[in-house]
Amino acid sequence: MSRALHDLSFAALEGELVADGLRPAHARALWRAIHRDGTGDLAGRPDFLPPLRRWVGERMGVEGGFCAELPAVHSETASSDGLTRKFLLRLDDGQTVETVLMGYPGRYTACVSTQAGCAMGCVFCATGQMGFVRHLRAGEIVAQVLHCRGVLRAGGADGLRNLVLMGMGEPLHNYDAVMAALEIITDRRGINLGPGRVTISTVGVVPGILRLAEEQRPYGLAVSLHGATEEERSALVPASRRWPLAELIAACRAYGLRTGRSIFFEWTLIAGQNDSAATAGRLAALLEGIDAHINLIPLNPTGNYSGQAASAEAVRAFQRVLQDAGFPATVRQRRGIDVAAGCGQLRAEREPARE
Ligand code: SF4
């Protein structure tokens with residue numbers, strides 16, 4: 001068994017090298033190679049001094065040593081407009097996770113997974129329909145970002161600007177690994193993604209939201225609501241039974257007060273279920289006093305859920321009620337619906353036998 005270098009913080013990496021008799025400068029060179037250059041091939045690098053080259057020769061790829069390979073691509077799809085690319089990446093133990101690269105004029109956003117499968121069971125979500133498999137390690141989250149940046153660089157672009165943790169899994173259910181990954185991803189000596197450009201998306205794991213506030217984590221927060229009453233919400237989001245809506249909204253208020261940050265609220269619009277103007281009114285009342293931005297997302301249909309996307313007319317009416325109540329409300333395009341861009345859809349499609 002070897003340990004993945006991508007799992008290590010800079011301090012941990014430096015500690016390993018110093019314990020092996022190397023100097024902090026060697027750790028900086030190794031860190032740059034892995035995270036800034038994004039390479040897993042560390043042999044024969046001209047920028048490595050002889051002691052580091054020897055260390056690489058003795059410690060990389062050997063039993064009890066280290067490894068730095070990025071996950072292999074199991075499959076890939078691209079939307080017809082070419083702007084959204086979705087990768088199914090194979091991890092060491094054969095599990096596959098989805099990573100999506102979304103292109104906007106002059107910039108790209110990576111959407112990464114934090115777990116294989118998910119325990120939250122949202123009824124309209126292909127990942128939720130799979131169930132929970134395991135948490136990802138910090139390095140497996142970091143590696144997805146490196147993969148996206150590598151894809152961009154290979155195509156002559158280098159505009160990875162934003163990161164959203166909205167792929168497979170519930171990030172706050174894997175809190176420690178996610179925070180460790182984000183510290184690596186935002187480290188200026190390496191990937192150097194600005195913390196303000198990172199958004200953590202949660203289905204409403206109240207203890208995680210409170211911990212983010214308590215620890216003053218510098219990342220954006222998006223909360224998936226989908227229902228404005230307890231009954232409405234728990235029909236779609238079973239996690240609501242564990243963390244009821246009233247508790248969730250109280251945690252969001254506490255988060256806003258403690259951090260001074262606004263919160264994105266995600267609302268999947270499902271025809272006849274949560275897309276009426278009356279529901280929009282209830283949502284506005286629920287969020288009163290919170291510095292909220294609401295993202296409205298017409299449902300991405302999945303195989304095991306019969307719900308349909310709200311009509312364009314219903315979406316507009318819903319948005320208008322929120323805007324009239326003073327909330328910024330944006331209709332998010334269903335980016336790359338033709339590449340199964342709802343989380344878990346590509347894996348469900350490509351590996352149905354695993355479910
Ligand atoms: S929507 Fe997110 S939290 Fe809900 S089941 Fe899917 S991956 Fe899990």
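In this predicted model, helix 7, which spans residues 206-214, has Val-206, Gly-208, Ile-209, Leu-212 and Ala-213 as its buried residues. Viewed down the axis of helix 7, these buried residues fall within an arc of 165°, and they therefore line one face of the helix. The points below take up the surroundings of this helix, then the ligand, and then the aromatic rings.

**Helix 7 and its surroundings**
- The cover over the buried residues of helix 7 includes two helices, helix 6 (175-185) and helix 9 (245-259), together with strand 10 (198-202) and strand 11 (220-224).
- Just after helix 7, the backbone at Gln-216 adopts a positive phi of about 50°.

**The ligand shell**
- The ligand is surrounded by 10 residues, of which the closest are Cys-118, Cys-122, Cys-125, Gly-128 and Gly-169.
- By residue class, the shell around the ligand consists of 6 nonpolar and 4 polar residues, with no charged residue among them.

**Aromatic rings**
- Across the whole structure, a search finds 3 aromatic pairs.
- One of the pairs joins Trp-267 and Phe-318, whose ring centres are 5.5 Å apart and whose planes meet at 35°, so the pair is classed as tilted, since that angle lies between the limits of 30 degrees for stacked and 60 for edge-to-face.
- Because Trp-267 belongs to strand 12 (residues 263-269) and Phe-318 to helix 11 (residues 312-324), this pair ties together parts that are 51 residues apart in sequence.
- Both Trp-267 and Phe-318 are buried.
- Elsewhere, the ring of Phe-10 has the charged end of Arg-189 sitting over it, at 3.9 Å from the ring centre.

Definitions and conventions:
Residues numbered from 1 in each chain as written. Predicted model: local features only at pLDDT ≥ 70, side-chain atom pairs only at ≥ 80, totals over all residues. Heavy atoms only, no water. Buried < 20%, exposed > 50% of the residue type's maximum accessible area, 1.4 Å probe, protein only. Helix = DSSP H or I, 4+ residues; strand = E, 2+ residues; numbered from the N terminus. Arc of directions from axis to C-beta. Contact = heavy atoms within 4.5 Å. Near = heavy atom within 4 Å. Nonpolar A, V, L, I, M, F, W, Y, C, P; charged D, E, K, R; others polar. Phe/Tyr/Trp six-rings, centres within 6.5 Å; stacked < 30°, edge-to-face > 60°. Lys NZ or Arg CZ within 6 Å of the ring centre and 35° of its normal.
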